[in-house]
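Hi everyone, thanks for making time. I'd like to walk you through a structure that's new to most of you, so have it open in front of you.

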Amino acid sequence: QVQLVESGGGLVQPGGSLRLSCVASGSVSPLNTMAWYRQAPGKEREMVARMPWGAGANYTDSVKGRFTMSRDNRKNTMALEMNSLKVEDSGVYYCNLVQGLVVETSYWGQGTQVTVSS
């Protein structure tokens, strides 16, 4: 089992910045894919950024150039630096970890609220 715990959400004005962090613990395999998702009220959960082990991050088009995902494989952590935040970036952000060579298992954090409002 893998446990994921996020931190760093909050209320910020449009144009502001936030940094989200996520710590993975338990039976974490080094060959995993880490990702950030978000879900706005009334909308489906969407992938924001995704970073396989040993590869660069991929981003959804709406956050390219504004968000930066990083990961620390030694500490089993991931982070999402969010700049130039927009109202439409509001939602609950979840960190996600997928691992398994034969059978993939997906783990989710509890979510952290990000609200962009003036």
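I'll start with one strand and its neighbours, then move to a group of rings.

One thing up front: this is a predicted model.

Okay, find strand E11, which covers residues 112-116. Which way do its side chains point? They alternate. On one face you have Thr-112, Val-114 and Val-116, and those are buried. Gln-113 and Thr-115 point to the other face, and they aren't buried.

Now, what does E11 pair with? Strand E2, residues 10-12, runs parallel to E11, and the two are joined over three bridges. If you want a spot to look at there, Val-12 sits opposite Val-116 of E11. Then there's strand E9, residues 91-99, which pairs with E11 in the antiparallel sense, again over three bridges. Here the spot to look at is Tyr-93, standing opposite Thr-112 in E11.

Right, on to the rings. How many aromatic pairs does the structure hold? Two. Tyr-37 and Trp-108 make up one of them, and that pair is edge-to-face, with 4.9 Å centre to centre and 65° between the planes. This pair links distant parts of the chain: Tyr-37 is in strand E4, residues 32-39, while Trp-108 is in strand E10, residues 105-108, so to speak a link between residues 71 apart. Trp-108 itself comes out as partly exposed, because its relative accessible area is 36%, and the partly exposed range lies between 20% and 50%.

Trp-108 also pairs with Tyr-94, edge-to-face as well, at 6.4 Å centre to centre and 90° between the planes. Again distant parts of the chain are linked, with Tyr-94 in strand E9 and Trp-108 in strand E10, 14 residues apart. Is Tyr-94 buried or exposed? It counts as buried, because its relative accessibility is 14%, and the cut-off for buried is under 20%.

Put the ring pairs together and you get a cluster of Tyr-37, Tyr-94 and Trp-108.

There's a charged residue to add to that picture, too. Where does Arg-45 lie? It's over the face of Tyr-94, 3.8 Å from the ring centre. Arg-45 also lies over the face of Trp-108, at 4.6 Å from that ring's centre.

That's my tour, so let's take questions.

Note on methods. Residues numbered from 1 in each chain as written. Predicted model: local features only at pLDDT ≥ 70, side-chain atom pairs only at ≥ 80, totals over all residues. Heavy atoms only, no water. Buried < 20%, exposed > 50% of the residue type's maximum accessible area, 1.4 Å probe, protein only. Helix = DSSP H or I, 4+ residues; strand = E, 2+ residues; numbered from the N terminus. Pairing = 2+ DSSP bridges. Phe/Tyr/Trp six-rings, centres within 6.5 Å; stacked < 30°, edge-to-face > 60°. Lys NZ or Arg CZ within 6 Å of the ring centre and 35° of its normal.
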